[in-house]
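Grab a pencil and open the viewer. Here are some exercises to work through, each with a solution you can check yourself against.

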Amino acid sequence: MELVARGRDADVYALDESRVLRRYRREGPTGRESRLMTHLAECGYPVPRVYEATDTDMVLERLTGPTMLEALSRRPWQVRSLGRTLGCLLDRLHALPAPQWLPKRFATTGDDRILHLDLHPGNIILTPRGPMVIDWSNAAAGAPAADVAMTLVTVGSADVPGLPARFGRGLLLRSVRAGCRTDPAPRLQQAISTKLTDPNLSPTEAAWLRRRAASTAT
């Protein structure tokens with residue numbers, strides 16, 4: 001099988017022109033993840049089709065097109081429109097009530113919504129049918145503000161190839177906010193604290209998050 005993508009927890013292999021195999025290196029949340037993706041597709045949210053799932057594997061629809069991260073690298077002048085697209089995808093997701101079986105994180109007082117919790121440009125594929133959202137392994141039920149905050153701290157702390165480090169990243173963050181109606185401020189400190197526990201953070205990412213935490217606290 002041809003390896004077409006490699007993530008922190010899973011690898012993606014091409015099976016044929018229409019299907020890929022997403023294989024976790026250890027047992028993953030494939031049952032819940034595939035169930036949620038099927039539910040989202042039924043709700044009209046843009047996700048790849050799920051064909052089959054086992055303890056470590058999922059057979060998914062093969063999507064054609066660059067990731068949003070690749071598009072930003074190649075066409076940085078589109079940062080505003082791509083950022084707004086990301087914000088709109090968050091809004092569309094948070095319009096959907098969370099099913100009872102979805103685990104809770106960043107819980108609300110009773111109006112939990114579906115949260116992706118890792119929705120960044122690398123997890124959006126720009127297909128001829130429109131943007132499609134992948135990698136639902138962190139998904140949970142909870143407060144939309146936390147999901148928006150997690151997107152902002154993930155994008156803000158990471159370098160985006162092709163964008164000037166400060167100006168370009170700031171413009172991308174403002175564009176995401178422009179495309180999204182939810183105010184992340186009530187959950188921003190919580191999102192930063194959660195992100196700082198990620199063992200895969202680089203020193204540069206961790207330093208940005210600590211600076212952001214300090215400025216938010218003042």
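The exercises below go from the overall fold to single residues.

This is a predicted model, where local features need pLDDT of at least 70, side-chain atom pairs count only at pLDDT 80 or more, and totals for chains, interfaces and linings use all residues. Residues are numbered from 1 along each chain as its sequence is written, and side-chain values use heavy atoms, with hydrogens and water left out.

**Exercise 1. Overall shape**

Work out how the radius of gyration of the protein sits against that of a compact globule with 218 residues.

Step 1: Get the yardstick. The radius is taken over C-alpha atoms, and the globule rule is 2.2 Å times the number of residues to the power 0.38.

Step 2: Compare. The rule gives a value near 17 Å for 218 residues, and the protein has 17 Å, so the two agree.

Step 3: Add the dimensions. The C-alpha trace spans about 50 × 40 × 30 Å along its principal axes.

Step 4: Look at the surface. By the Shrake-Rupley method with a 1.4 Å probe, where for residues only the protein chains shown count as cover, the accessible surface is about 10900 Å², and 50% of that belongs to carbon and sulfur atoms.

Step 5: Look inside. Of the 218 residues, 51% count as buried; buried means under 20% relative accessible area, exposed over 50%, and partly exposed in between (1.4 Å probe, protein chains only).

Step 6: Check the contacts, meaning heavy atoms within 4.5 Å. Among those between residues at least 6 apart in sequence, 65% join residues at least 24 apart.

**Exercise 2. Strand pairing**

Find out in which sense β2 and β3 pair, and over how many bridges.

Step 1: Count the elements. The protein has seven helices and nine strands. These are DSSP runs numbered from the N terminus: helices are H or I with at least four residues, strands are E with at least two.

Step 2: Apply the pairing rule, which asks for at least two DSSP bridges between two strands. β2 (residues 10-14) and β3 (residues 19-24) have five, in the antiparallel sense.

Step 3: See what joins them. β2 and β3 form a hairpin, with four residues in between.

Step 4: Move on to β5. β3 and β5 are antiparallel too, with five bridges.

Step 5: Pick out residues. Val 12 is opposite Arg 22 of β3, while Arg 23 has Asp 57 in β5 as its bridge partner.

**Exercise 3. The nonpolar core**

Which residues have the most contacts inside the largest nonpolar core?

Step 1: Define the set. A nonpolar core is made of buried Ala, Val, Leu, Ile, Met, Phe, Trp, Tyr and Cys residues joined through side-chain atoms within 4.5 Å.

Step 2: Read off the answer. The largest core has 39 residues, with Leu 40, Tyr 45, Ile 114, Leu 119 and Trp 136 making the most contacts within it.

Step 3: Trace the contributors. Elements giving two or more residues include α1 (30-42), β5 (57-61) and α4 (144-157). The largest share, six residues, comes from α3.

Step 4: Zoom in on Leu 40. Leaving out residues up to four places away in sequence, Leu 40 touches Tyr 45, Val 47, Leu 93, Leu 96, Ile 114 and Trp 136.

**Exercise 4. Two arginines**

Is Arg 22 buried or exposed? Then do the same for Arg 113: buried or exposed?

Step 1: Arg 22, in strand β3, is buried because its relative accessible area is 13%.

Step 2: Look for a partner. A polar contact (a pair of N or O atoms within 3.5 Å; within protein, one must be able to donate a hydrogen and the other to accept it, and residues adjacent in sequence count only if both atoms are side-chain atoms) of 3.0 Å joins the side chains of Arg 22 and Asp 135.

Step 3: Follow Asp 135. Asp 135 is in the loop between β8 (130-133) and β9 (140-142), and is buried at 18%. Its phi is positive, about 60 degrees, although it is not a glycine.

Step 4: Turn to Arg 113. This residue belongs to strand β6 (residues 113-115) and counts as buried because its relative accessibility is 17%. A polar atom of the Arg 113 side chain lies 2.9 Å from the backbone oxygen of Ala 95.
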